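Student: I should like to work through this model step by step. May we proceed by question and answer?

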Amino acid sequence: MARILVAEDDSSMQRAIERTLIHAGHEVLLASDGDSALGLFKQHDVDLSIVDIFMPGMDGMELIIRLRQSHGDAKIIATSGGGVVDHEKVLDIATRFGAIRTLPKPFAPDELLAMVDEVLRAD
């Protein structure tokens with residue numbers, strides 16, 4: 001199926017996303033911060049990136065900007081549980097920076113898979 005990069009600093013959320021995607025037949029690359037994610041993106045042919053907005057070091061917003069600058073056709077889903085800011089506002093900003101779709105946390109596995117399928121089909 002697809003090779004999906006997951007940039008998520010919460011280990012339990014990262015594992016849940018990984019299990020869901022692998023069960024659906026996808027190959028998954030994992031990063032816990034933006035710097036690691038950018039490195040993996042450059043090393044591998046990635047079909048889709050799922051990016052958490054709030055991460056240590058390079059955050060998700062900067063990662064989205066850098067992915068969009070280096071690969072204008074990159075398919076990106078931004079996720080956020082909020083933090084100190086309303087997650088809907090943060091995710092709206094993420095689309096302005098280049099995320100194709102957004103997924104507020106928490107989300108169900110079927111919601112994730114439906115969005116992944118939708119974004120992968122989009123051209």
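## A residue in helix H2

Tutor: At 0% relative accessibility, Gly34 counts as buried. The model is a predicted one, and Gly34 is our starting point.

Student: In which helix is Gly34 found?

Tutor: Gly34 is buried, its relative accessibility being 0%. As for secondary structure, the element that contains Gly34 spans residues 34–43 and is helix H2.

Student: Leaving aside neighbours within four places in sequence, which residues is Gly34 in contact with?

Tutor: A contact requires heavy atoms within 4.5 Å. Once neighbours within four places in sequence are set aside, the contacts of Gly34 are Met55, Pro56, Met58 and Leu63.

Student: What separates the C-alpha atoms of Gly34 and Arg96?

Tutor: Along the chain, Gly34 and Arg96 are 62 residues apart. Arg96 lies in helix H4, whereas Gly34 is found in helix H2. The separation of their C-alpha atoms is 18 Å.

Student: In what pattern do the elements follow one another along the sequence?

Tutor: The protein has five helices and five strands. Read along the sequence, they give the pattern β-α-β-α-β-α-β-α-β-α.

Student: Why is the protein said to be as compact as a globular protein of that length?

Tutor: For 123 residues the globule rule gives 14 Å, and the protein is close to that value, so it is as compact as a globular protein of that length. The C-alpha atoms fill a box of roughly 35 × 30 × 25 Å along the principal axes. The radius of gyration in question is 13 Å.

Student: Of the contacts with a separation of 6 or more, what percentage is accounted for by residues 24 or more positions apart?

Tutor: Of the 123 residues, 45% count as buried. Among contacts with a separation of 6 or more, the share due to residues 24 or more positions apart is 65%.

Student: Is Leu29 buried or exposed?

Tutor: Leu29 lies in strand S2, residues 27–31. Its relative accessible area is 11%, and the cut-off for burial is under 20%. Leu29 is therefore buried.

Student: Beyond residues up to four places away in sequence, which residues does Leu29 touch?

Tutor: One of them is Leu5, which is 24 residues from Leu29 along the chain, with a C-alpha separation of 4.7 Å. The complete set consists of Arg3, Ile4, Leu5, Val6, Leu40, His44 and Val46.

Student: Which residues are linked with Lys105 in a network of salt bridges?

Tutor: Glu8 and Lys105 form a salt bridge whose closest N and O atoms are 2.7 Å apart. Glu8 lies in the loop between strand S1 and helix H1 and Lys105 in the loop between strand S5 and helix H5, so this pair ties together parts 97 residues apart in sequence. Lys105 also forms a salt bridge with Asp52, at 3.1 Å between the closest N and O atoms. The partners of Lys105 in the network are thus Glu8 and Asp52.

Student: Are Lys105 and Asp52 buried or exposed?

Tutor: Lys105 is in the loop between S5 and H5 and Asp52 is in strand S3, 53 residues apart. Glu8, like Lys105, is buried. Lys105 and Asp52 are both buried.

Student: What is the omega of the peptide bond that joins Lys105 and Pro106?

Tutor: Pro106 has its place in the loop between S5 and H5. Most peptide bonds are trans. The bond joining Lys105 and Pro106 is cis, and omega is about -5°.

Student: With which residue does Arg96 form a salt bridge?

Tutor: A search of the whole structure finds six salt bridges. Arg96 counts as exposed at 65% relative accessibility, and its partner counts as partly exposed at 36%. Both residues lie in helix H4, four residues apart, about one turn of the helix. With the closest N and O atoms 2.9 Å apart, the partner of Arg96 is Asp92.

Student: How far apart in space are Phe54 and Asp9, C-alpha to C-alpha?

Tutor: Phe54 is found in the loop between S3 and helix H3. At 38% relative accessibility, Phe54 counts as partly exposed. Phe54 and Asp9 are 45 residues apart in sequence, and their C-alpha distance is 8.1 Å.

Student: How far apart are the mean positions of the positive and negative charges?

Tutor: The accessible surface comes to about 6300 Å², and 50% of it belongs to carbon and sulfur atoms. There are 12 positive and 21 negative charges, and the distance between their mean positions is 2 Å.

Key: Residues numbered from 1 in each chain as written. Predicted model: local features only at pLDDT ≥ 70, side-chain atom pairs only at ≥ 80, totals over all residues. Heavy atoms only, no water. Helix = DSSP H or I, 4+ residues; strand = E, 2+ residues; numbered from the N terminus. Rg over C-alpha atoms; globule rule 2.2 N^0.38 Å. Buried < 20%, exposed > 50% of the residue type's maximum accessible area, 1.4 Å probe, protein only. Areas by Shrake-Rupley, 256 points an atom, 1.4 Å probe, with all protein chains shown as cover. Lys, Arg positive; Asp, Glu negative; His and termini not counted. Charge placed at Lys NZ, Arg CZ, Asp CG, Glu CD. Salt bridge = Lys/Arg side-chain N within 4 Å of Asp/Glu carboxyl O.
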